[in-house]
Amino acid sequence: MSYVDDILARVKTQNPNEPEFNQAVYEVLESLRPVIEKNEDAYKRDALLERLTTPERSILFRVPWVDDKGQVQVNNGYRIQFNSAIGPYKGGLRLHPTVNLSVIKFLGFEQIFKNSLTGLPIGGGKGGSDFDPKGKSDREIMAFCQSFMTELYKYVGADTDVPAGDIGVGGREIGYLYGQYKRITGLYEGVLTGKGLTYGGSLARTQATGYGLLYLTEEMLKCNGKELAGKTVVVSGAGNVATYAIEKAWQLGAKPVTCSDSTGWIYDPDGIDGATLKEVKEVRRARLTEYAKARPNSVYHEGKGVWTIKCDVALPCATQNELNLEDAKTLVANGCFAVAEGANMPTTLEATKYFQDSGVLFCPGKASNAGGVATSALEMSQNSERLSWTFEEVDAKLKTIMVNIFHNLDAAAKEYGMEGNYVAGANIAGFLKVATAMQAQGIV
Ligand code: NDP
């Protein structure tokens, strides 16, 4: 058996009940085969892949809090500090009932390579809880966040581990978490990113993942002799990433026609109206049925279905494994020629392969959604400098980072004889920097 096969078997045996984590490791290691084979003896001697697939630290904790009826509730809290070879752990916190150890480990593992691809000095980590923020009052959200941070503060810090938002964690939650950290430690430091603008947040952080996704998509199309302007785009999700992907798609001359949430989806033939979407989701925190009421030409459907709409470009921006083989076949049959992931691992392995075999330009999330964490790292820089950059400065840096990420993964794919395979390119480019740093730092 090759070293890669050994490790895949090992990860499976050691983590038998973690399908998402096994899926993420498989996707990365499969595409790293040519790189690993080139250096197999050294990597094997140093157990580099064993170390890479084992978190440096896994923190699991109880999160007790009191609901509005006076009832004590208990959730599971997680922080996986996966790899700090190239910088302090960095990665979001997810609050969603589907959160478990497998999900957080898959996200933390992916984060290692994503953060490396940004070219910035940040290691990989991820955290969260199975707490469901839906239907909770502000006071309940605060009670949960304060309890979560009362345990988490022991393990994070501006130079050790800097969490951010993810599904279910936006500005409100970051504010409550930050307040509690400051209260316990007495430190006013950049321990979290995605902060409000009045207390150390960065302009353009809110928009960064969605905007970055479109900057990279535009560059990918340009380098393949196509352009984004004038194209029809389907988007899934209606949260932070989807909202600002839709906004930037319009700005770059494309027409986004769908969005979705966990109960249904919208097709708007006139193009999704960003202001209405923000009003429904960011302000009123309501269902998408409210969008349909405000836009009579649009149609609301229950369940899943955005991938059935005819389009040129598809941008999955909701959650993992939301685009399967059947969806991929439908998209290709309808003429879709480019897919860029806004969410983390939204496309199943089979669907990814189908896109690649069908000649669809396919960019994996660890590259195309890296704008969020990259701008978080820019927030860390501003906090360290005690300065705030303008929106235009941050946005310009974000665009440069996204364009560079695309060129780096394109070059890595070419160097290893896999031109156009951006999954392999992203994994290789992300891996090489981390592996070199790990080897330089000895057996730790
Ligand atoms: P939000 O919580 O703001 O939005 C998530 C959206 O996806 C919501 O519309 C939500 O619907 C929908 N959704 C969530 N879970 C499911 C599910 N199981 N089935 C169907 N729909 C679902 O999260 P973000 O926009 O921040 O994150 C979206 C994705 O992007 C995630 O994969 C995240 O990891 C990734 N990402 C986010 C970054 C960021 O900066 N925010 C950075 C990089 C990646 P509903 O409201 O009904 O639950």
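In this predicted model, a polar side-chain atom of serine 262 comes to 2.5 Å from an oxygen atom of the ligand. Lysine 134 makes a similar approach, with a polar side-chain atom 2.9 Å from a ligand oxygen. Asparagine 344 joins in as well: an N or O atom of its side chain is 2.8 Å from an oxygen atom of the ligand. On its own the ligand has 890 Å² of accessible area, and the protein covers 83% of that.

It helps to step back and look at the whole surroundings of the ligand. The shell is made up of 25 residues, and the closest of them are Asp166, Thr209, Ser262, Arg287 and Asn344. Sorted by class, this shell holds 12 polar, seven charged and six nonpolar residues. Two helices can be picked out here: H8, which runs over residues 205-222, and H9, over 240-251, each provide at least two residues of the shell.

The overall fold comes next. The chain contains 17 helices and 13 strands. Its radius of gyration is 21 Å, close to the 22 Å that the globule rule gives for 444 residues, so the chain is as compact as a globular protein of that length. Measuring along the principal axes, the C-alpha trace spans about 65 × 55 × 45 Å. Among the 444 residues, 57% count as buried. Contacts across the sequence tell a further part of the story: of those with a separation of 6 or more, 72% are between residues 24 or more positions apart. The accessible surface of the chain amounts to about 17,300 Å², and carbon and sulfur atoms account for 51% of it.

Several loop residues reward a closer look, beginning with two serines. Serine 236 sits in the loop between strand E6 (232-235) and helix H9. With a relative accessible area of 1%, serine 236 is buried, because this value is under the 20% cut-off. Its side chain makes a polar contact of 2.7 Å with the side chain of glutamate 322. Leaving aside residues up to four places away in sequence, serine 236 touches several others, including Ala242, Ser260, Val306, Trp307 and Leu315.

Serine 298 lies in the loop that links helix H11 (289-294) to strand E10 (299-302). This serine is buried too, at 8% relative accessible area. The side chain of serine 298 reaches the backbone oxygen of arginine 295 at a distance of 2.7 Å. Beyond residues up to four places away in sequence, the neighbours that serine 298 touches are Ile266, Tyr267, Asp268, Pro269, Tyr291 and Ala292.

The backbone has some points of interest as well. Alanine 204 is not a glycine, yet has a positive phi of about 75 degrees. This alanine belongs to the loop between helix H7 (171-185) and helix H8, and at 5% relative accessibility alanine 204 counts as buried. Arginine 386 likewise has a positive phi without being a glycine, with a value near 55 degrees. The loop that holds arginine 386 runs between helix H15 (371-385) and helix H16 (391-415). Here the relative accessible area is 69%, over the 50% cut-off, so arginine 386 is exposed.

Conventions
Residues are numbered from 1 along each chain as its sequence is written. This is a predicted model: local features need pLDDT of at least 70, side-chain atom pairs count only at pLDDT 80 or more; totals for chains, interfaces and linings use all residues. Side-chain values use heavy atoms; hydrogens and water are left out. A residue is near a molecule or strand if one of its heavy atoms lies within 4 Å of it. A polar contact is a pair of N or O atoms within 3.5 Å; within protein, one must be able to donate a hydrogen and the other to accept it, and residues adjacent in sequence count only if both atoms are side-chain atoms. Accessible areas come from the Shrake-Rupley method with a 1.4 Å probe; for residues, only the protein chains shown count as cover. Helices (H or I, at least four residues) and strands (E, at least two) are DSSP runs, numbered from the N terminus. Ala, Val, Leu, Ile, Met, Phe, Trp, Tyr, Cys and Pro count as nonpolar, Asp, Glu, Lys and Arg as charged, and the others, Gly among them, as polar. The radius of gyration is taken over C-alpha atoms; the globule rule is 2.2 Å times the number of residues to the power 0.38. Buried means under 20% relative accessible area, exposed over 50%, partly exposed in between (1.4 Å probe, protein chains only). Contact means heavy atoms within 4.5 Å.
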